[in-house]
Amino acid sequence: TKWVYGFGNGAAEGDAGMKNLLGGKGANLAEMSNLGLPVPPGFTITTEVCTWYYDHDKSYPAELAAEVEAALADIGRLTGRAFGDRTHPLLVSVRSGARVSMPGMMDTVLNLGLNDETVKAMATSSGDERFAYDSYRRFIQMYGDVVLGVDHHSFEEILQEVKDEAGHVLDTDLSAAELAGIIERYKDLVAAELGRPFPQDPMEQLWGAIGAVFGSWMTHRAQTYRRLHDIPASWGTAVNVQAMVFGNMGETSATGVAFTRNPSTGEKALYGEFLVNAQGEDVVAGIRTPQDITEKARIEAGSDRPSMERLMPEAHAEFVRICDRLEAHYRDMQDLEFTIERGKLWMLQTRSGKRTAKAALKIAVDMAAEGLITEKEAVLRVEPSALDQLLHPTIDPKAERNIFVTGLPASPGAACGAIVFTSEEAEQAKAAGRKVILVRVETSPEDIHGMHAAEGILTSRGGMTSHAAVVARGMGKPCVSGAGALRIDYRSGTVSAGGKTLDKGQVITIDGSTGQVLIGEVPMQQPSLSGDFATLMTWADGGRRMKVRANAETPADARVARDFGAEGIGLCRTEHMFFDGERILAVREMILSATEEGRRAALAKLLPMQRNDFVQLFEIMKGLPVTIRLLDPPLHEFLPHSDAEIAEVAEAMGVAADKLRERALELSEFNPMLGHRGCRLLVSYPEIAEMQARAIFEAAVEAGRQTGAPVVPEIMVPLVGLKAELDLVRGRIDAMAKAVAAETGVTIDYQVGTMVELPRAALRAGDIAESAEFFSFGTNDLTQTTFGISRDDAASFLGTYQQKGLIEQDPFVSIDRDGVGELISIAAERGRKTRPGIKLGICGEHGGDPASIHFCESVGLDYVSCSPFRVPIARLAAAQAAL
Ligand code: PEP
Ligand code: MG
């Protein structure tokens with residue numbers, strides 16, 4: 001095995017394709033060398049050494065020492081220097097470099113090779129004593145900190161003391177003699193802490209630094225990061241050793257970082273910063289303010305400090321040429337590090353640059369237009385979930401964030417308003433033209449009007465599929481749910497968290513994309529759906545196989561869904577249509593009547609409203625498929641609770657309040673999510689299915705007349721576990737279709753299908769498909785019932801599961817492929833066997849999650865359905881899954 005790969009002087013043993021072996025940094029240094037770019041010579045110790053090291057009790061392969069020495073000799077030949085040489089000493093940098101850049105790892109040791117002798121040689125050969133001692137001072141501090149484990153602050157204290165004694169403000173004010181004094185104190189500090197002197201032998205220094213890089217692979221921080229980002233420990237890190245070039249050799253030297261395009265806007269213009277007479281860590285430390293690289297950027301920033309273009313025109317011109325070359329070569333926006341030593345430019349790093357969603361979109365579209373990448377590549381380059389940032393107002397990234405509490409990012413976008421604690425207050429405020437955030441322990445169907453009126457919703461309880469989260473996403477309203485640290489006191493009208501208390505009326509801003517709740521009003525940015533966004537979505541649609549539908553009930557939601565490109569409605573939750581004032585009363589009447597006759601009377605009140613809803617939906621959808629689900633309320637969501645509510649229903653029904661309270665008590669359940677809901681309710685009260693079927697068919701006839709296009713409704717039965725349940729309900733639907741046809745003289749084409757949201761339904765899909773013309777996977781309930789974890793209570797403990805590494809992802813957010821996924825595969829296979837070509841879709845929250853959408857593509861579903869605001873994300877994810 002070869003353990004060490006050299007690079008420099010226009011050649012390299014590796015290349016950009018060898019990231020797994022050389023790490024990202026090492027592979028790209030090799031690639032830049034191969035391209036003939038000015039890269040200080042060096043070598044990369046492979047990631048395989050790291051793996052070997054941990055497999056062999058933290059020791060090295062026998063051949064490694066010889067390979068490192070040979071590679072060092074190569075650097076020496078190219079630079080005319082040697083380790084420990086008394087006239088031309090070689091100094092190197094040592095950096096870690098995993099396959100992907102990884103915080104938590106040892107970063108950099110610079111100036112390695114300096115000691116009491118070589119520092120004198122550096123002073124002489126550079127003709128700059130101050131530079132030499134400053135470099136040695138930095139080296140002891142960095143090496144002492146990251147390799148020897150001496151606390152960084154102890155060094156800083158000494159530095160500060162000397163500056164204070166001499167009356168200096170800046171490090172750059174220190175003289176060579178003062179620096180020499182600091183060096184002595186630094187060495188004393190190290191000796192006192194370690195019980196042995198600071199290592200003077202450059203070879204010993206080098207092996208110490210190499211060991212520190214490998215050691216940092218297993219630090220707690222690095223392990224946590226890997227777990228969170230799904231990076232296996234077996235990947236290992238490489239070590240890059242490279243000849244030093246100095247940005248701190250006076251006014252003609254500098255160091256900087258740059259992006260080939262603007263990483264926040266995507267604008268095609270070199271963007272970056274540099275510092276004159278400095279080393280890398282000065283830029284990061286942020287003590288001195290860096291200067292702009294280009295004149296254009298300097299003018300735009302209104303800075304009066306000269307740009308690199310002005311100060312170092314030759315190095316700048318070469319840098320611009322190299323940037324263009326690298327971007328064209330890698331066919332992506334690059335993030336670069338460079339150093340200028342006495343006017344000569346050196347490249348230290350290149351990699352694909354991180355960028356905002358807006359920049360990602362613009363760069364992808366621009367690069368396709370420039371012919372640098374294909375349209376297909378452009379589609380693959382944009383992270384679908386990043387679109388979320390673009391579809392809602394977002395908090396200005398420059399804004400200050402005064403965090404009050406953090407909850408779950410339940411529905412994206414940012415909103416700000418005054419705190420209110422009840423839906424009534426929210427409505428009144430809205431009517432008075434004031435903006436509010438509805439703050440509640442949790443929301444229930446009675447809060448729909450308040451949620452509509454509020455700018456955003458904050459709850460202290462409930463997970464990502466809680467009522468508040470699902471309804472807010474459907475409405476496209478920002479929501480932070482399950483902020484467990486919140487203490488809401490409805491009585492005193494206050495809410496507190498982390499020792500701070502806010503009153504009703506105080507302004508907060510919620511960020512539903514991060515889960516943060518901020519005190520006060522925070523500046524926002526507005527979304528734009530035209531331009532690059534529209535262009536990329538058109539390309540995505542060209543590459544997509546699955547259709548994308550929306551979960552929508554209201555005409556407003558349906559219109560948003562169409563604007564976002566939904567190709568139909570995959571789930572109309574009819575119970576959501578019953579939440580409004582007048583309707584909820586009729587629903588309560590229906591649920592609470594003890595007789596069929598009473599229920600039919602209440603249903604008769606609902607029929608015209610339902611019909612009208614469906615007419616509107618059919619009209620907005622203009623012949624696109626619309627899946628309407630029959631009533632699926634966990635009953636508790638509809639039962640009256642307060643005395644006032646009970647009195648209201650009692651009066652409407654003409655029964656005594658006490659009687660009604662008794663009936664409500666009778667109906668209340670221990671476990672409503674597994675109780676009398678879904679088709680079970682329809683089995684008990686088939687007249688509900690009849691009313692809803694009638695409303696659907698009559699609406700289809702009417703909409704068909706008005707638009708001239710036939711409407712083919714898809715009627716869906718929820719929570720089916722037994723084929724017999726579906727058959728019973730289906731019987732009522734089919735009979736109603738005949739009745740309406742006889743009454744209107746119009747025969748309606750329609751389909752009856754079922755939700756697959758119980759494990760039994762998935763397993764018995766072969767049977768059920770005999771009666772179902774389509775399946776829609778209700779993965780919210782299917783996840784709940786497969787895991788046996790309540791979707792409304794999961795948030796309180798699943799977070800711990802994630803922290804402890806038991807699960808990687810919340811299964812209510814991203815589909816559990818192994819368990820829930822297998823049930824879906826089984827159901828798809830068995831359903832298709834019975835009914836080849838059976839239409840298959842998904843309408844749980846997972847229908848808007850990119851990873852879950854990839855899964856849906858892999859089992860060949862026909863469509864995904866998600867909340868309207870996630871439709872563009874789903875379109876892009878579905879295209880990426882297919883490409
Ligand atoms: C589901 O269970 O996945 C589903 C879509 O239905 P609901 O969320 O309304 O229970
Ligand atoms: Mg369900």
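**Ligand 1**

I started at ligand 1 and listed its shell: L571, R573, D632, E757, G778, T779, N780, D781, C843 and G844. For "near" I used a C-beta atom, placed from the backbone, within 6 Å of the molecule. This is a predicted model, where local features need pLDDT of at least 70, side-chain atom pairs count only at pLDDT 80 or more, and totals for chains, interfaces and linings use all residues. Residues are numbered from 1 along each chain as its sequence is written, and chains are lettered from A and ligands numbered from 1 in the order in which they are written.

Next I asked which elements give two or more residues to that shell. They are β26 (569–573) and α31 (779–787). Helices here are DSSP runs of H or I with at least four residues, strands are E runs of at least two, and both are numbered from the N terminus. I noted that α31 gives the largest share, three residues.

I sorted the shell by class and got two nonpolar, four polar and four charged residues. In this scheme Ala, Val, Leu, Ile, Met, Phe, Trp, Tyr, Cys and Pro count as nonpolar, Asp, Glu, Lys and Arg as charged, and the others, Gly among them, as polar.

**Domains and the whole chain**

Why does ligand 1 lie between domain 4 and domain 5? Both domain 4 (556–715 + 735–749) and domain 5 (757–883) give residues to its shell, so that is where I place it. The assignment, automatic or from a database, also gives domain 1 (4–243), domain 2 (254–359) and domain 3 (389–525). I looked up the centres of domain 2 and domain 4, taken over C-alpha atoms, and they are 61 Å apart.

For the overall extent I have about 105 × 60 × 55 Å for the C-alpha trace along its principal axes. I count 35 helices and 32 strands in the protein chain. Of its 883 residues, 53% are buried, where buried stands for 20 or more other C-beta atoms within 10 Å of the residue's own, exposed for 12 or fewer, and partly exposed for anything in between, with C-beta atoms placed from the backbone.

I checked confidence too. The average pLDDT of the protein chain is 92, and 99% of the residues score at least 70; pLDDT is the predictor's confidence in each residue, from 0 to 100. The model comes with ipTM 0.99 and pTM 0.81.

**The barrel**

Back to β26. I found this strand in a barrel of eight, closed in the order β25-β26-β27-β28-β29-β30-β31-β32 with parallel pairing. Neighbouring strands are turned by 25° against each other on average, direction ignored. The axes are lines fitted to C-alpha atoms, for helices over the stretch in contact, and angles run from 0 to 180 degrees between N-to-C directions. β26 runs parallel to β27 (residues 626–629), with three bridges joining them, and C572 has I628 as its bridge partner there. Strands count as paired if DSSP finds at least two bridges between them.

After β31 (839–842) I stopped at D849, in the loop that leads to α34 (850–858). Is D849 buried or exposed? It counts as buried because 26 C-beta neighbours fall inside 10 Å. Its C-alpha atom is 9.9 Å from that of V864, 15 residues apart along the chain.

**The open sheet**

I then traced a second set of eight strands, an open sheet of mixed pairing in the order β13-β23-β22-β15-β16-β17-β18-β14. Its edges are β13 (403–406) and β14 (408–411), each pairing on one side only. Inside this sheet I looked at β16 (residues 436–440) and β17 (residues 456–459), which pair in the parallel sense over four bridges. R440 stands opposite T459, and V439 has L458 as its bridge partner. β17 is covered on both faces: G456 and L458 on one side and I457 and T459 on the other are all buried.

**β1 at the N-terminal end**

Last stop, β1 (residues 4–8). Five of its five residues are buried, so I read this strand as largely enclosed by the rest of the structure. V4, G6 and G8 point one way, Y5 and F7 the other. β1 runs antiparallel to β3 (residues 42–45) over four bridges and antiparallel to β2 (residues 11–12) over two. F7 takes part in both pairings, with G42 in β3 and A12 in β2. β1 and β2 form a hairpin with two residues between them, and N9 in the turn has a positive phi of about 55°.
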